[in-house]
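Visitor: I'd like to take a close look at one part of this protein, starting from a single strand pairing. Could you walk me through it?

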Amino acid sequence: MATIELKEFQIRVISDLLSSFNSFEKEIIFKSCTGSGKTIVLTHFIDEFFKENSGYVFIWLTPGKGNLEEQSKNKMDIYIHNPSTKLLNDIMTDGFEENDVCFINWELVTKKDNNALKDGERKNLIELVEEAHRKGLKFNIIVDEEHLNKTYKANDIISIFKSEKIIRASATPQNYGDATVIEIPEEEVIAAGLIKKMLIINEGLEQGVKLENQVKYLLDKAILKQRKIKEEFNKVNAKVNPLIVIQLPNNDESLLYEVEGYLKEKGITYENRSLAVWLADKKENLEEIEDNQAEPIAIIIKQAVATGWDCPRAHILVKLRNNMEETFEIQTIGRIRRMPQAKHYDNNVLDMCYLYTFDEKFTEGVKLHLGKGAYEAKQLFLKDDYKEFKLVKEYKSTAPVGIDAKIALNSVFKYYEKKYNLSSDKFQNNIKLQSYGYTFDKDIIFNTYQGNVPTLVAEHIKELNRVGLRATLNTHEHGRMLHKATGLIGMSAGLPYDKINTILRRLFLKGVNSPNKILSLDVKEYYAFIINNQDRLKDDLLQAIADESNQIELKLQQIYTIEFKIPREYTLTYDASLPHSKIYLKNVYDGYLSNAAPRSDTEMLFEKYCETSDNIKWFYKNGDSGSEYMSIVFTDNAGKQRLFYPDFILQSVKGNIWIIETKGGEAKSGKSENIDKFAAKKFSALMNYCSKHNVKGGFVRLNRSVYELFINTTDYTENMKDKQWKLLDQVIL
C-alpha cells in the first residue's frame with residue numbers, strides 16, 4: 001500500500017462528505033475540478049465511512065469510456081489498506097459482502113446486449129441485489145463523471161439498489177436541486193500545487209499572421225514549447241518529460257496521417273518511441289505513458305480519451321479542428337492541468353499549461369461548460385379527465401421525397417436578387433455583396449483567441465483577445481474545409497449535400513452554366529468565398545427556403561393524418577433553484593410546476609396566463625419533437641415537407657379548442673426577437689389546419705414595451721404595432 005499525504009482541503013471535504021450522510025437530503029453533489037484528487041478523496045471517505053458504519057456496500061458507477069472503473073479500483077487498492085474492491089465480474093461470481101466497494105462500468109449494465117440483467121444459470125444483478133438486501137446489507141452509490149450519464153435508463157439502474165445516499169461526482173455536475181452541495185474551489189486546488197496556475201492560450205500568435213499550413217504551424221509552436229519546458233525541468237533537477245497532447249476531431253481520419261507525417265519530419269515517430277497514439281483502432285507506445293519519465297513527448301488522441309485519463313506530465317494541448325462548428329470540449333483541458341510532482345516550482349514556464357488551437361468556438365465551449373442547466377426531472381401522469389381528448393395530427397410520408405434542386409435554386413436566386421438588389425452584372429453584384437458584409441478575400445480568414453486564464457470562469461474567458469489569422473488557399477488542403485462548409489450550409493437549409501453543392505456552384509462558380517447566376521468566380525475564388533462566408537451563406541439560404549413572400553409554385557404533396565391523444569406520461573424538467581414555485585392546477589398533468597424549464601419568457605407568461613385567466617379551462621404544453629406529440633405539416637421553398645409542433649393546446653371555458661404557437665416577441669426598441677425563419681410559413685399552415693378541423697389558433701408573442709402578451713389569428717407580420725396583433729385576453733374566449 002502506497003501512502004499519500006492528503007491536502008488540507010481534501011481532509012475538509014472528506015469530513016464534509018461524512019457529515020452529509022447525517023443530513024436529510026438523499027443526494028450529494030460533489031463538484032471537484034480535474035486534478036483535485038477526486039478519486040483519492042472518495043476512496044479515503046469510503047474507508048473512513050466503513051470505520052464508523054457497518055452493514056454497507058458502496059457501488060461506484062463510472063462512464064463507459066477509458067476503463068475508468070479499473071483505474072478507480074486500482075487507485076483504491078493502492079492507497080487504502082486491505083480494501084474489498086470488486087469489478088462487475090467479481091460481483092456476478094461472488095455476490096455482495098459487507099464493506100465491498102464495487103466498481104461498475106455503466107456500459108456493462110445499460111447497453112442493450114448486457115448480460116448482467118439477463119436471466120441465466122448464474123444469478124443476474126437484480127437477484128444479487130435482492131439477496132444482499134435479504135442479508136441486511138445497505139447500499140450507497142457514487143456516480144462518477146455524473147454529467148456523462150444523465151439518462152433515465154441510468155436512473156433505472158440506480159433505483160435497483162434502493163440506496164440510502166447517492167454521491168454525484170463531477171467537475172461539471174448538471175443537477176443541483178435540493179441536494180447537498182460539496183464543492184472544492186479551483187483556487188484551493190491551485191494553491192495546494194496540484195494543478196497548474198494558469199492556462200496560456202495561443203502564446204506567441206501574431207495578429208494577422210499568414211499561414212501556409214495550420215496544422216504545421218500549431219505543431220511547431222507546441223514542439224518548441226515542449227523543448228523549453230524540458231529545459232526548465234532540467235534546471236530545477238526535476239525528472240519530468242513534458243508531454244504534448246494532440247487532439248484530433250472525432251470525425252476526421254485524414255488529419256491523423258498529416259499529423260503523423262509532419263511529426264516524422266521532426267523526428268517524432270512511433271519507431272523511436274517519442275510518439276504515442278491512443279485511438280479506438282490504433283494504440284502505440286502507451287505502456288506507462290503516465291510516468292513522469294516516459295519516452296513519448298507527444299500523444300495523439302480523440303475526445304473519447306479525455307474522461308478519466310490521468311497523465312500529470314501533460315503540459316501542452318494542441319486542439320486541431322476541421323471546421324468552425326465544432327464545440328470546444330472543456331473536459332479536455334483537464335488533461336493538461338495537473339502538476340507532474342503535485343507541487344509548483346515557482347517557475348512561470350513550468351507552473352502553466354498551454355493550449356494551441358484555431359478553434360474559434362473556444363469561448364462558446366467554455367460558456368456551455370459553465371452554463372449547463374441545473375434542471376431536475378420527474379415523471380407526471382395525465383389526469384383522467386383528458387385521457388379521451390382527441391385531435392387530428394399531421395405527419396410526413398416516410399417515403400423519401402426528392403428535393404427539386406431547380407426549384408430550390410430558383411428560390412435562392414430570387415431571394416438574393418430581391419434582398420441585395422442584384423442584376424445580371426456580375427461585377428456590380430460583387431460590389432453589392434461586399435457592401436452587405438460578404439468577403440471576397442483570396443486567403444482563408446479565421447479567428448481564434450489568445451490570453452491567460454487562471455481559472456475557467458466566465459469573467460476570465462471574456463478577457464481573451466480575439467486574433468485574426470489568414471492562410472494561403474490550397475485547393476488540396478482546403479478541400480476538406482470546402483466540403484464541410486458546403487455540407488453545413490446545406491444542413492441549415494435542410495438540403496442534402498448533392499443539392500446544395502449544385503445550387504452553390506450554379507450561383508457562384510464560373511464555367512457552370514445557369515440562368516440563375518449571381519457571381520462568376522474561378523475555382524480558388526469560389527473555395528475562399530464559400531469557406532469565408534459560411535455563416536452568412538447559411539443564414540441567407542435558410543431565409544430563402546423559409547421566406548413566405550418568396551413562395552413559388554410548388555406541386556401539392558399529400559399530407560398524412562392520424563389521431564392525436566395527449567400522452568399518458570410526461571417527463572417534466574424544472575428549475576429547482578427558482579423560489580416560490582407552485583403547481584398549475586389547470587395543466588392536464590397532475591403536479592405540473594410553474595418553474596418548468598427550459599421555457600422562454602413568452603412561454604412562461606403564457607402558462608401563467610392560462611393558469612390565472614377566467615377564460616381558460618385547461619392547457620397542455622406540447623413537446624418539441626417526437627411521434628407522440630401534436631404536429632402540423634408545412635412546405636418550404638425547396639418543396640420539402642417539414643413538421644412543426646405547436647407549443648400549446650387549450651380549451652376555453654366556452655368550449656373552444658385553441659392551438660397556440662409562441663414566438664420571440666418585440667423589444668422595447670421595436671426590434672423583433674423572433675429568430676424562427678419559418679414563422680410565417682408555420683402560421684399559414686396553422687391557419688389552414690384550424691380551418692379544416694374547426695378549431696381556433698394563433699401565434700402569441702410578448703411586446704416588451706408594455707410587457708403584455710399579444711395574439712395574431714389573421715395575417716402574419718413581424719411588426720407587433722400592426723393591427724393584426726391584439727391583446728391576448730381580448731381574443732381567447
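Visitor: Which residue is the bridge partner of threonine 85 in E4?

Guide: Happy to! A word on the model first. It is a predicted model in which residues are numbered from 1 along each chain as its sequence is written, and local features need pLDDT of at least 70. Side-chain atom pairs count only at pLDDT 80 or more, totals for chains, interfaces and linings use all residues, and side-chain values use heavy atoms, with hydrogens and water left out.

The bridge partner you asked about is valine 101. Threonine 85 belongs to strand E3, residues 84-87, which pairs with E4 in the parallel sense over four bridges. (Two strands pair if DSSP finds at least two bridges between them; helices are DSSP runs of H or I with at least four residues, strands runs of E with at least two, numbered from the N terminus.) Valine 101 is also where strand E2 comes in: phenylalanine 58 stands opposite valine 101. E2 spans residues 56-62, and its pairing with E4 is parallel as well, over five bridges.

Now for E4 itself, residues 100-105. Six of its six residues are buried, and the strand is mostly covered. (Buried means under 20% relative accessible area, exposed over 50%, and partly exposed in between, for a 1.4 Å probe and protein chains only.) In a regular strand the side chains alternate between the two faces of the sheet. In E4, Asp100, Cys102 and Ile104 point one way, while Val101, Phe103 and Asn105 point the other way. Both sets are buried, including valine 101, the partner of threonine 85.

To set that strand in its surroundings, the protein has 20 helices and 30 strands, and 55% of its 733 residues are buried. Contacts are worth a glance too, where contact means heavy atoms within 4.5 Å. Among contacts between residues at least 6 apart in sequence, 71% join residues at least 24 apart.

Next, the pockets. A pocket is an open set of points on a 1 Å grid over the protein atoms alone, where a 1.4 Å probe fits and protein lies on both sides within 12 Å along at least five of seven lines; lining residues have an atom within 4 Å of a point. The largest pocket is lined by 42 residues, and Ile40, Lys75, Asp310, Pro312 and Arg338 lie nearest its centre. Helix H2 (38-52) and helix H3 (68-79) each supply at least two residues of that lining, with H3 giving the largest share, eight residues. The second largest pocket has 29 lining residues, and those closest to its centre are Ser600, Glu603, Lys621, Asp624 and Asp647. Strand E21 (569-575), helix H19 (601-612) and strand E27 (657-662) are the elements that give two or more residues to the lining of this second pocket.

Asp624 leads to another stretch of chain. Aspartate 624 sits in the loop between strand E23 (616-621) and strand E24 (632-635), and it is exposed because its relative accessible area is 62%. Although 20 residues separate aspartate 624 from phenylalanine 644 in sequence, they are 8.0 Å apart in space, C-alpha to C-alpha. Glycine 626 shares the loop between E23 and E24 and is partly exposed, with a relative accessible area of 26%. From glycine 626 to tyrosine 645 the C-alpha distance is 9.1 Å, across 19 residues of sequence. E23 itself is mostly covered, with five of its six residues buried. Five bridges join E23 to strand E26 (648-652) in an antiparallel run, with phenylalanine 619 partnered by leucine 650.

Another loop lies between strand E22 (589-590) and H19, and serine 594 is found there. Serine 594 counts as buried because its relative accessibility is 18%. Leaving aside neighbours within four places in sequence, serine 594 is in contact with His580, Ser581, Lys582 and Tyr584. Proline 598 is in the loop between E22 and H19 too, and the peptide bond leading to it from alanine 597 is cis, with omega near -5°.

Finally, some backbone angles to check. Aspartate 346 has a positive phi near 55° without being a glycine; it lies in the loop between strand E14 (314-319) and strand E15 (352-357) and is exposed at 71% relative accessible area. Asparagine 694 has a positive phi of about 55°, in the loop between helix H20 (679-693) and strand E28 (696-703), and its 73% relative accessibility makes it exposed.
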